[in-house]
Amino acid sequence: MKQPGLFENSTNEGESLPLPDANVTYYANWLAHAEADQLLDVLRKEIAWQQEKVQLYGKQHWVPRLQAWHGDPDCIYRYSGLTLKPEPWVFPLLSLKQRCESVTGSRYNSVLLNWYRHGQDSMGLHADNEPELGNQPVIASVTLGAERPFIFKHRTTSQRHSLTLEHGSLLIMAGRTQQYYLHGISKTAKPVGDRINLTFRYIYPQE
Ligand SMILES: O=C(O)CCC(=O)C(=O)O
Ligand SMILES: [Mn+2]
């Protein structure tokens, strides 16, 4: 997966979202446009994308998107009833991880990749609050490709906030965000191109 020229001159100031009880920072154009294009292309081709099945109310359903999980060998992740064993770190995921670490000052040992092929691919409202993520995880989310609204829903007030995640952007969810909010990507009937999202996470070892 060696690709020279990725990740050049790509930094800007983050903006803090006005969400009560949360700590969310958004960096538009975190990656320069050309490198985001190149990264999207590389990930489409080089990642071993899988479509998982989950059990819901006794019925098997295809997850409406493609996924991949990379990280340190001991990072076993249980997610919506799935147990994912990681693929190893490869370029450019490792470089991207290191760049996320330098923005947040937190460490990551794994990344979940999601490929939304079209408007019918989605992710239901959920929180990244599995026990292995620990208390108040700092999640770094990189978006490439088509713009889709990212929805936050406050768990008690039900207040919603929609944020369009742009090509090459970085979203950091920290503090009490997972405790107070659900988030997700809805389906849309509009014609939209494909989108890849990467969420860098730190998984604590489980006994
Ligand atoms: O695609 C996105 O922006 C969200 C992904 C997400 O919430 C997750 O992987 O847990
Ligand atoms: Mn999530």
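Glycine 184 is found in strand S14. In this predicted model, glycine 184 counts as buried because its relative accessible area is 4%, under the 20% cut-off. Leaving out residues up to four places away in sequence, glycine 184 touches Met123, Gly124, Leu125, Pro149, Phe150 and Ile151. Between glycine 184 and tyrosine 26 there are 16 Å in space, C-alpha to C-alpha, and the two are 158 residues apart in sequence.

**Confidence**

The chain has a mean pLDDT of 92, and 92% of its residues reach 70 or more. Residues 1–11 have pLDDT below 50, and this stretch has 37 contacts in the model beyond near neighbours in sequence. Where pLDDT is low, predicted coordinates should not be read in detail.

**The cavity**

The structure holds 1 cavity of 30 Å³ or more. The largest cavity contains about 140 Å³ of space. Its lining is made up of 18 residues, and those closest to the centre are Met123, Phe150, His183, Asn197 and Thr199. Two or more lining residues come from each of strand S8 (110–116), strand S9 (123–126), strand S14 (181–185) and strand S15 (195–201). S15 gives the most to this lining, with 4 residues. Sorted by class, the lining of the largest cavity has 8 nonpolar, 7 polar and 3 charged residues. Two of the residues closest to the cavity centre, Met123 and Phe150, are also among the contacts of glycine 184.

**The second largest pocket**

The second largest pocket has a volume of about 150 Å³. Its lining consists of Ala48, Gln50, Glu52, Gln67, Ala68, Trp69, Leu84, Lys85 and Glu87. Which strand gives the most to the lining of the second largest pocket? Strand S5 (residues 66–71) does, with 3 residues. By class, the lining of this pocket has 4 nonpolar, 2 polar and 3 charged residues.

**Two helices**

Helix H1 (33–46) has 14 residues, which should span 20 Å at 1.5 Å a residue; the end C-alpha atoms of H1 are 20 Å apart, so the span agrees. Buried residues in H1 are Glu35, Ala36, Leu39, Leu40, Val42 and Leu43. The cover over the buried residues of H1 includes H2, S8, S10 and S15. An α-helix has 3.6 residues a turn, so residues three or four places apart point the same way.

Helix H2 (residues 93–104) has 12 residues and an expected span of 16 Å, and its end C-alpha atoms are 16 Å apart, so this helix also agrees. In H2 the buried residues are Leu93, Ser95, Leu96, Lys97, Arg99, Cys100 and Glu101. What covers the buried residues of H2 includes H1, S5, S8, strand S10 (139–145), strand S13 (169–174) and S15. Glycine 105, just after H2, takes a positive phi of about 70°.

**Buried residues outside S14**

Three further residues, set out below, are buried.

| Residue | Place | Relative accessible area |
|---|---|---|
| Threonine 177 | Helix H3 (residues 177–180) | 2% |
| Serine 122 | Loop between S8 and S9 | 7% |
| Tryptophan 89 | Loop between strand S7 (82–84) and H2 | 18% |

The contacts given next leave aside residues up to four places away in sequence. Threonine 177 touches Asp21, Ala22, Asn23, Val24 and Phe152. Serine 122 touches Pro64, Arg65, Tyr116, Arg148, Ile185, Ser186 and Lys187.

Tryptophan 89 is in contact with His70, Gly71, Asp72, Leu94, Lys97, Asn109, Ser110, Val111 and Phe200. One of these contacts, Lys97, is listed among the buried residues of H2. Tryptophan 89 and glycine 71 are 18 residues apart in sequence, and their C-alpha atoms are 5.6 Å apart in space. With a relative accessible area of 18%, tryptophan 89 is buried because the cut-off for that class is under 20%.

Key. Residues numbered from 1 in each chain as written. Chains lettered and ligands numbered in written order. Predicted model: local features only at pLDDT ≥ 70, side-chain atom pairs only at ≥ 80, totals over all residues. Heavy atoms only, no water. 1 Å grid on protein atoms, 1.4 Å probe; cavity = no way out; pocket = protein on both sides within 12 Å on 5 of 7 lines; lining within 4 Å. Points joined across faces, edges and corners; volume = space filled by probe spheres on them. Nonpolar A, V, L, I, M, F, W, Y, C, P; charged D, E, K, R; others polar. pLDDT = per-residue confidence, 0-100. Contact = heavy atoms within 4.5 Å. Expected span 1.5 Å × (residues − 1). Buried < 20%, exposed > 50% of the residue type's maximum accessible area, 1.4 Å probe, protein only.
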